[in-house]
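Biologist: Please take a close look at one part of this model and then work outward from there. I would like a connected account rather than a list.

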Amino acid sequence: MSVTISVATEQDAEEIFRLQYLCFQSEAQLYGNYRIDPLVESLDAVRREIGVDCVFVARLGDEVIGAVRGRITEDGSAAIARLCVHPRLQGHGIGARLLRAAEADLAGARGATLFRLRTGHRSEGNLRLYRRVGYEPVGRAKGTDGVDLIVLEKPAATYVATA
């Protein structure tokens, strides 16, 4: 059975919500903070994002095993967030495929000229993935949950050249 990437639907909301909670446990443990944003987000918030933002899921058969979200910000850039892949399937390129799907939609259909994402400063696996697919650190920020974050960006033109 192969992994497929598709646009999320309203029916995926609960699976995305549960998957996100499972996947971000390791991040919470890394920071000693179980109130990080992905763990306290409500199911209703996930449903709202599916309705208005760019949300993709990875499926293995009927099971949602990965997800990513993106939206266009006021400055025309794309904010990509909540990339997660089921722990038993990490390291197989699914996260990179989800990221490419979001980038393609955000640049092609929504006109983004720049991709921006944030990850915790101790999240080495995330940082390796983002650097490998062309993101460069451009600064730091503090999350609403108190976690120190690294901000990474990639010009949308880079996506076109590397896709």
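**Salt bridges and their surroundings**

Modeller: Aspartate 44 pairs with arginine 47 in a salt bridge whose closest N and O atoms are 3.5 Å apart. The model is a predicted one, and the distance is computed from its atoms. The two residues both belong to helix 4, residues 43-52, where they sit 3 residues apart, about one turn of the helix. Aspartate 44 is partly exposed, its relative accessible area being 47%. Arginine 47 is also partly exposed, at 27%.

The structure holds 14 salt bridges, and two others can be described in the same way. Lysine 142 forms one with aspartate 148, with 2.8 Å between the closest N and O atoms. Here lysine 142 has a relative accessibility of 53% and counts as exposed, because the cut-off for that class is over 50%. Its partner, aspartate 148, is partly exposed at 32%. Returning to the pair in helix 4, salt bridges with shared partners join Asp44 and Arg47 with Glu10, Glu14 and Arg18 into one network. The other salt bridge links the side chains of arginine 110 and aspartate 105, at 2.6 Å from N to O. Arginine 110 is partly exposed, with 36% relative accessibility.

Strand 2 covers residues 54-60, and 6 of its 7 residues are buried, so the strand is largely enclosed by the rest of the structure. It pairs with two strands. Strand 1, residues 3-7, runs antiparallel to strand 2 and is joined to it by 5 bridges; within this pairing, serine 6 has valine 57 of strand 2 as its bridge partner. Strand 3, residues 63-72, is also antiparallel to strand 2, with 7 bridges between them. In that pairing alanine 58 is matched with glycine 66 of strand 3. Strands 2 and 3 form a hairpin with 2 residues between them, and glycine 61 in the turn has a positive phi of about 70 degrees. As background, side chains in a regular strand alternate between the two faces of the sheet.

Aromatic contacts are the remaining topic. A search of the whole structure finds 1 aromatic pair. The ring centres of tyrosine 130 and tyrosine 135 lie 6.1 Å apart and the ring planes are at 65 degrees, so the pair is edge-to-face. Both tyrosine 130 and tyrosine 135 are buried.

Note on methods: Residues numbered from 1 in each chain as written. Predicted model: local features only at pLDDT ≥ 70, side-chain atom pairs only at ≥ 80, totals over all residues. Heavy atoms only, no water. Buried < 20%, exposed > 50% of the residue type's maximum accessible area, 1.4 Å probe, protein only. Helix = DSSP H or I, 4+ residues; strand = E, 2+ residues; numbered from the N terminus. Pairing = 2+ DSSP bridges. Phe/Tyr/Trp six-rings, centres within 6.5 Å; stacked < 30°, edge-to-face > 60°. Salt bridge = Lys/Arg side-chain N within 4 Å of Asp/Glu carboxyl O.
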